[in-house]
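Colleague: I'd like a close look at one part of this model, the aromatic residues that group together. Could you walk me through that part, and then through whatever else you can say about the helices and loops?

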Amino acid sequence: MRIAFITYEFPPDTGKGGIGTYTKQVSDILAKEKWDVHVFAGSHTRQEKNVEEGLTVHRIKCTSPHDFKLNVLQVFSDIQTVQAFDILESPEINGNAGEIKIKYPQIPLVVRLHAPGYLVESLKKTYVPFLAKLRYVLGSLRTLRFDLGYWRAYNKLNDADYHFTRMADYITAPSEAMKDWVIKNWQLPANKIVVLPNIFEPAQEMLDVPIFRECKHKRILFFGRLNVLKGLVNATRAMKKILKAYPDWTFRVIGDDGPGPNFKMTMRAWMTWQLEYVIKQVEFMDGLPYEDLPAAVADCEIVLLPSLFESFSYTCAEAMAAGKAVVGSNNAGMADLLQNGKSGVLINPYGYKEIVRALKELIENNSYRYELSSGARKRITTAFDAEKTALKFNMFYEKIVDK
């Protein structure tokens with residue numbers, strides 16, 4: 001059986017995010033199950049074909065996701081004419097496989113939902129100041145092209161991700177939250193969307209991190225990209241209060257810098273400014289290579305991940321594998337990963353006072369923190385066991401081929 005993954009994002013050339021991680025993991029699993037797996041991926045530097053760990057990887061030289069969508073068609077066609085593929089899969093973002101599906105409508109297309117572009121961009125604008133929004137509207141009046149800008153109503157008919165997803169024969173989502181968003185905003189039928197959590201296989205180094213009954217390190221950790229989408233505005237407001245109330249605790253922030261909430265500062269600069277009076281208790285670190293992450297997570301007690309939305313959340317899964325007490329968002333796929341009060345604490349990412357209450361309870365109730373830490377590791381290694389999830393994917397694809 002032959003399957004083609006069409007994705008602009010794929011490590012190492014273009015794959016630092018969740019799409020690349022997901023595609024690498026699911027393609028590795030299928031290759032082990034004796035599928036003939038081909039990955040067509042973007043690259044800014046090379047055009048070549050390699051066999052990598054049982055996968056056939058076609059690097060398509062391109063300058064952007066749009067460029068990739070056009071350039072991949074010819075490479076795919078050359079292979080398709082020699083031996084046909086049974087299945088196509090592509091993320092919804094940028095419609096990577098759109099041109100291929102148009103030319104080869106007979107090949108079943110699976111669209112994997114990650115987080116549509118509109119959803120991501122709208123959340124990034126959550127904290128745009130009112131005056132900045134107003135200036136945009138007034139500017140449009142001066143050009144005689146009235147535009148409500150940030151207050152403009154969303155219209156799915158203008159959304160390329162929506163139109164590409166409608167081309168799908170099958171749709172999969174990594175969480176109930178992602179499925180619900182698509183049903184609500186795109187009115188796609190629920191029975192067409194299958195929830196299959198991302199395959200997550202924790203590193204042994206994460207599983208080897210000890211869970212201490214007593215509070216040993218007194219450190220709260222955030223790791224991920226530094227931007228508004230990750231909920232860092234209210235995380236910062238909450239940590240300002242926490243660090244003042246508990247001067248023997250510290251806050252470690254790991255991640256590559258990104259845009260802040262006011263367009264004038266980066267996220268790290270904005271956080272530094274907001275945390276000025278407790279800055280001696282704050283440690284910033286750039287994003288780390290994956291092999292260095294377990295050591296940076298190990299000497300922390302609590303992991304704070306208040307994302308405005310995550311379709312799955314590898315960071316949450318990693319923290320759970322490391323046996324950390326996680327304070328995570330109830331507005332995202334973390335709600336599937338964490339059982340509130342058993343393997344983590346779910347909070348409203350838009351309410352910093354709720355974040356403060358959750359952190360205080362974990363700091364002051366050590367037995368509760370230990371219970372959540374142990375429950376987190378147990379849940380991620382049982383309910384989200386990689387082999388069990390891989391079996392679900394394999395059965396799903398086999399049913400498509402059988403049909």
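Modeller: The group you're after is one aromatic cluster made up of Y22, W35, Y170, F393, F396 and Y397. Keep in mind that this is a predicted model. Across the model, the count comes to 13 aromatic pairs. Let's take two of the pairs in turn.

Start with Y22 and F393. Their ring centres sit 6.1 Å apart and the planes are at 45°, so this pair is tilted; edge-to-face would need an angle over 60 degrees. What I like here is where the two partners come from. Y22 belongs to helix α1 (residues 18–32), while F393 belongs to helix α16 (residues 386–402), so the pair links distant parts of the chain, 371 residues apart. Are these two buried or exposed? Both Y22 and F393 are buried.

Now go to F396 and Y397. Here the ring centres are 5.5 Å apart and the planes make 65°, so the pair counts as edge-to-face. F396 has 12% relative accessibility and therefore counts as buried, the cut-off being under 20%. Y397 is buried too, at 0% relative accessibility.

While you're looking at α16, find T389, which lies in that helix. T389 has a relative accessibility of 3%, so it goes down as buried. Leaving out residues up to four places away in sequence, what does T389 touch? The list is P197, N198, I199 and F384.

Back at the α1 side, go to the loop between α1 and β2 (36–43), where you'll find K34. Its phi is near 75°, a positive value in a residue other than glycine. Why flag that? Because most residues other than glycine have a negative phi, and most peptide bonds are trans. K34 counts as exposed, with 73% relative accessibility. N94 has a positive phi as well, near 70°, and again this is a residue other than glycine. You'll find N94 in the loop between β5 (87–91) and α3 (98–103), and at 37% relative accessibility N94 counts as partly exposed.

There's a backbone feature ahead of α1, too. The peptide bond running from P11 to P12 is cis, its omega being near 0°. P12 sits in the loop between β1 (2–7) and α1.

For a strand residue, try E52, which is part of strand β3 (residues 48–52). E52 has a relative accessible area of 24%, so call E52 partly exposed. Not counting residues up to four places away in sequence, E52 touches V57 and R59. If you want to relate E52 to K32, those two are 20 residues apart along the chain, and their C-alpha atoms are separated by 12 Å.

On to helix packing. Two packed helices are described by the angle between their axes and the distance between the axes. Take helix α9 (residues 232–245) and helix α10 (residues 267–274): their axes come within 10 Å and cross at roughly 25°. That makes α9 roughly parallel to α10, as angles under 35 degrees are put in that class. The crossing of α9 past α10 is right-handed. Which residues meet there? On the α9 side, they are L232, V233, T236 and K240, and on the α10 side, M267, W270, M271 and Q274. Sorted by class, the residues of this α9 and α10 contact are five nonpolar, two polar and one charged.

The other pair to look at is helix α12 (residues 314–321) with helix α15 (residues 366–382). Those two pack at an angle of about 115°, and their axes are 7 Å apart. This time the crossing, α12 past α15, is left-handed. α12 brings A317, M320 and A321 to the contact, and α15 brings A376, R377, R379 and I380. Class by class, the contact of α12 with α15 has five nonpolar residues, no polar ones and two charged ones.

To come back to your cluster: in the viewer, I'd pick out Y22 and F393 and look at how that tilted pair links α1 with α16. Then turn to F396 and Y397 for the edge-to-face pair.

Conventions: Residues are numbered from 1 along each chain as its sequence is written. This is a predicted model: local features need pLDDT of at least 70, side-chain atom pairs count only at pLDDT 80 or more; totals for chains, interfaces and linings use all residues. Side-chain values use heavy atoms; hydrogens and water are left out. Axes are lines fitted to C-alpha atoms, for helices over the stretch in contact, and angles run from 0 to 180 degrees between N-to-C directions. Helices (H or I, at least four residues) and strands (E, at least two) are DSSP runs, numbered from the N terminus. Angles under 35 degrees count as roughly parallel, over 145 as roughly antiparallel, 65 to 115 as roughly perpendicular and the rest as oblique. A crossing is left-handed if the near helix is turned anticlockwise from the far one by less than a right angle, and right-handed if clockwise. Contact means heavy atoms within 4.5 Å. Ala, Val, Leu, Ile, Met, Phe, Trp, Tyr, Cys and Pro count as nonpolar, Asp, Glu, Lys and Arg as charged, and the others, Gly among them, as polar. Rings of Phe, Tyr and Trp (its six-membered ring) pair if their centres lie within 6.5 Å; planes under 30 degrees apart count as stacked, over 60 as edge-to-face and the rest as tilted. Buried means under 20% relative accessible area, exposed over 50%, partly exposed in between (1.4 Å probe, protein chains only).
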